[in-house]
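Thanks, everyone, for making the time this morning. Please have the sequence and the structure open while I talk, and stop me wherever something is unclear.

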Amino acid sequence: MPRTNAQHLDVAVLGAGFGGLGMACRLRAEGVRTFRVFDAAAGVGGTWWVNRYPGCACDVPAHLYSFSFAPNPDWTRRFAPRAEIQAYLERVARDHGLAPHLELGCRIERARWDAERNLWRLDDVHGRRWTADVVVSALGGLSRPLRPDLPGLDDFAGRILHTQAWPERLDLAGRRVAVIGTGATAAQVVPEIAPEVERLDVYQRTPNWILPRPDRPIRRWQRRLYRRLPLVQKLVRFSIWLGSELRVPGLAWSNRLAAGHRALALWHLRRQVPDPELRRELTPDYAIGCKRVLRSSDYYPALARDNVELVTAPIRRIENDGIRDADGRLRPVDTLVLATGFRATAPVPKGMFIGRDGTDLAEAWAEGPEAWRGVAVHGFPNLFLLMGPNTALGHNSVVLMIEAQIGFVMNALAARRGGVLEVRADAQRDDNAWLQERLAGTVWNSGGCSSWYRHPVSGRNATLWPGFTWTYRRRLRRFRPAAFERQAPGEASARQ
Ligand code: NAP
């Protein structure tokens, strides 16, 4: 019996970044043929396709910020620039034969669980309908830009752009530019545009801890070596992973164990910023690691340029032609760059996922996202998440987390045996109680700062995994039947 006139899929994957592509590689490798990867963008790459601001690069070394099953001996720099990461992901898609499975330029606007038929109904932006037994959401936690709630922003007569939507070939020569925000993105943009613009005002609300960025080219002989002896590259990857894991005690156990990093950051600041007043303004007053620690060796020098000013007075309002600070001073601006980050604790738009009983995931997550082990949500059968709640990292490569989640989804697909899996409410509750207990003593919750890791109203840390990557991987290694209710195929839903 035809289910509907919509096209039916075994698995619908939403998002074609690291998560979606990695999932697709595994689905293909294990013989699942009827699946599609949907993405609103015209190309693959996810965040690396979308974010095109000058200086965009990854601050996790490239040998670790890549799939374990698709090593790239040809990285040209220790910290890969955006275009190289995107090219890498394009290559992965090509090498794994994903082209027939990609639906690019195709945003899924809504996914609704049909409890009568036990499947997901999806509507895409072109008005087409799809059905799927299983949905894997790989939308990413940092994909919804945060537009700050600043008085007068709508009155500004010049150009406003968020770093996530940087226009191609934007010429800033001769422009008076203001950058609002001083996080990881601003630290990459500011040094790139400072030499080009006439004037640059950088509006800082909170200073960040910044470590030097030991970037360097990877020489041709090294790349040849990695190609000929893949084990050497594996060792390099392992050493980066281990070095990153060693940061966990200073973040999750006792911040005193991060004293070395703190001293290094203060030394970096002293060395790069001779002016004591500017240095004072750039010195954080909270524990290192509470906000994401930045890595930059050219941000401080950019701030010391004659055409750049660090503005630490709070913004009173945005006016037609500039920004007025709390001291009453108006600085003229014609281009306003919002480096204000993302709505990390509201990663899903309203109306996007409608689960069993018509529950809207965005509403269920009104006080911050919550899931079981970051991958499954009670009330949302046969939906699996990649980079879901509490699986982001403050210390290591998220690709490791993504791969663990993909492995879990494959195990869940096998355990499903054509039926419906839904995580139990008590399993999810217990998991979150455990998580929040673990998070309570960490620097992310008690380091004296506010950050995108925590929900702005509830204060709950809904984003970070509070430990080593290997403990998370161990927790996801096997499917846990006791945490799920399974409904066999054809069996009427007990909940209807
Ligand atoms: P972010 O870390 O959230 O920083 C946003 C900045 O905007 C902060 O300085 C914040 O100030 C400021 N801000 C927000 N609202 C404001 C307001 N109303 N008035 C004044 N200032 C305001 O965002 P991001 O820099 O885009 O980075 C987000 C995350 O993306 C990073 O933490 C990282 O995980 C990822 N990222 C990674 C890389 C990489 O190399 N791997 C590069 C870029 C981004 P407060 O600090 O006072 O809130």
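The side chain of Glu-422 makes a polar contact with the side chain of His-378, at 3.3 Å, and I should say at once that this comes from a predicted model. Glu-422 belongs to strand 19, which covers residues 420-423. Is Glu-422 buried or exposed? Its relative accessibility is 5%, and because anything under 20% is called buried, Glu-422 counts as buried.

From there I would like to turn to helix 12. This helix runs over residues 398-416, which makes 19 residues, and from its first C-alpha to its last it reaches 27 Å, close to the 27 Å expected at 1.5 Å a residue. Of those 19 residues 16 are buried, so helix 12 is largely enclosed by the rest of the structure. Just after helix 12 comes Arg-417, which takes a positive phi of about 45°.

One residue of helix 12 that I would pick out is Gln-405. Gln-405 is buried, and its relative accessible area is 0%. Which residues does Gln-405 touch, if we leave aside those up to four places away in sequence? They are Val-375, Leu-385, Leu-386, Met-387, Thr-391, Tyr-472 and Leu-476. For Met-387 there is also a C-alpha to C-alpha distance to Gln-405, which is 7.9 Å, with the two positions 18 residues apart in sequence numbering.

Now for two backbone details in the loops. Asn-390 sits in the loop between strand 18 and helix 12, and its phi is near 55°, a positive value in a residue other than glycine. With a relative accessibility of 2%, Asn-390 counts as buried. Arg-373, in turn, is found in the loop between helix 11 and strand 18, the latter being residues 383-385. Arg-373 also has a positive phi, about 50°, although it is not a glycine, and at 18% relative accessibility Arg-373 counts as buried.

Helix 11 itself covers residues 361-364, and Ala-364 is found in it. Ala-364 is partly exposed, its relative accessible area being 47%. If you look for Glu-109 on your screens, you will find that its C-alpha is separated from that of Ala-364 by 18 Å, while the two residues are 255 residues apart along the chain.

Let me move to helix 3, residues 82-95. Helix 3 has 14 residues and reaches 20 Å from its first C-alpha to its last, which is close to the 20 Å expected at 1.5 Å a residue. Buried in helix 3 are Arg-82, Glu-84, Ile-85, Gln-86, Tyr-88, Leu-89, Val-92 and Ala-93. As a reminder for reading such a list, an α-helix has 3.6 residues a turn, so residues three or four places apart point the same way. What do the buried residues of helix 3 pack against? Their partners are helix 1, residues 18-29, and helix 2, residues 47-50. Just after helix 3, Gly-97 takes a positive phi of about 60°.

A further loop residue is Asn-118, which lies between strand 4, residues 108-114, and strand 5, residues 119-124. Asn-118 counts as buried, at 16% relative accessibility. Not counting residues up to four places away in sequence, Asn-118 touches Trp-113, Val-420, Gln-487 and Glu-491.

I have kept the ligand for last. How many residues surround the ligand, and which are the closest? There are 23 residues around it, and the closest are Thr-182, Thr-185, Thr-206, Lys-291 and Arg-292. An N or O atom in the side chain of Thr-206 is 2.4 Å from an oxygen atom of the ligand, and a polar side-chain atom of Thr-185 lies 2.6 Å from a ligand oxygen. For Arg-292, the distance from a side-chain N or O atom to an oxygen atom of the ligand is 3.0 Å. Taken alone the ligand exposes 910 Å², and the protein buries 85% of that.

As for the make-up of the shell around the ligand, its residues divide into 11 nonpolar, eight polar and four charged. Helix 4, residues 184-193, gives the most to this shell, with three residues. I will stop there and take questions.

Methods: Residues are numbered from 1 along each chain as its sequence is written. This is a predicted model: local features need pLDDT of at least 70, side-chain atom pairs count only at pLDDT 80 or more; totals for chains, interfaces and linings use all residues. Side-chain values use heavy atoms; hydrogens and water are left out. A residue is near a molecule or strand if one of its heavy atoms lies within 4 Å of it. A polar contact is a pair of N or O atoms within 3.5 Å; within protein, one must be able to donate a hydrogen and the other to accept it, and residues adjacent in sequence count only if both atoms are side-chain atoms. Accessible areas come from the Shrake-Rupley method with a 1.4 Å probe; for residues, only the protein chains shown count as cover. Helices (H or I, at least four residues) and strands (E, at least two) are DSSP runs, numbered from the N terminus. Ala, Val, Leu, Ile, Met, Phe, Trp, Tyr, Cys and Pro count as nonpolar, Asp, Glu, Lys and Arg as charged, and the others, Gly among them, as polar. Buried means under 20% relative accessible area, exposed over 50%, partly exposed in between (1.4 Å probe, protein chains only). Contact means heavy atoms within 4.5 Å. The expected span of a helix is 1.5 Å times one less than its number of residues.
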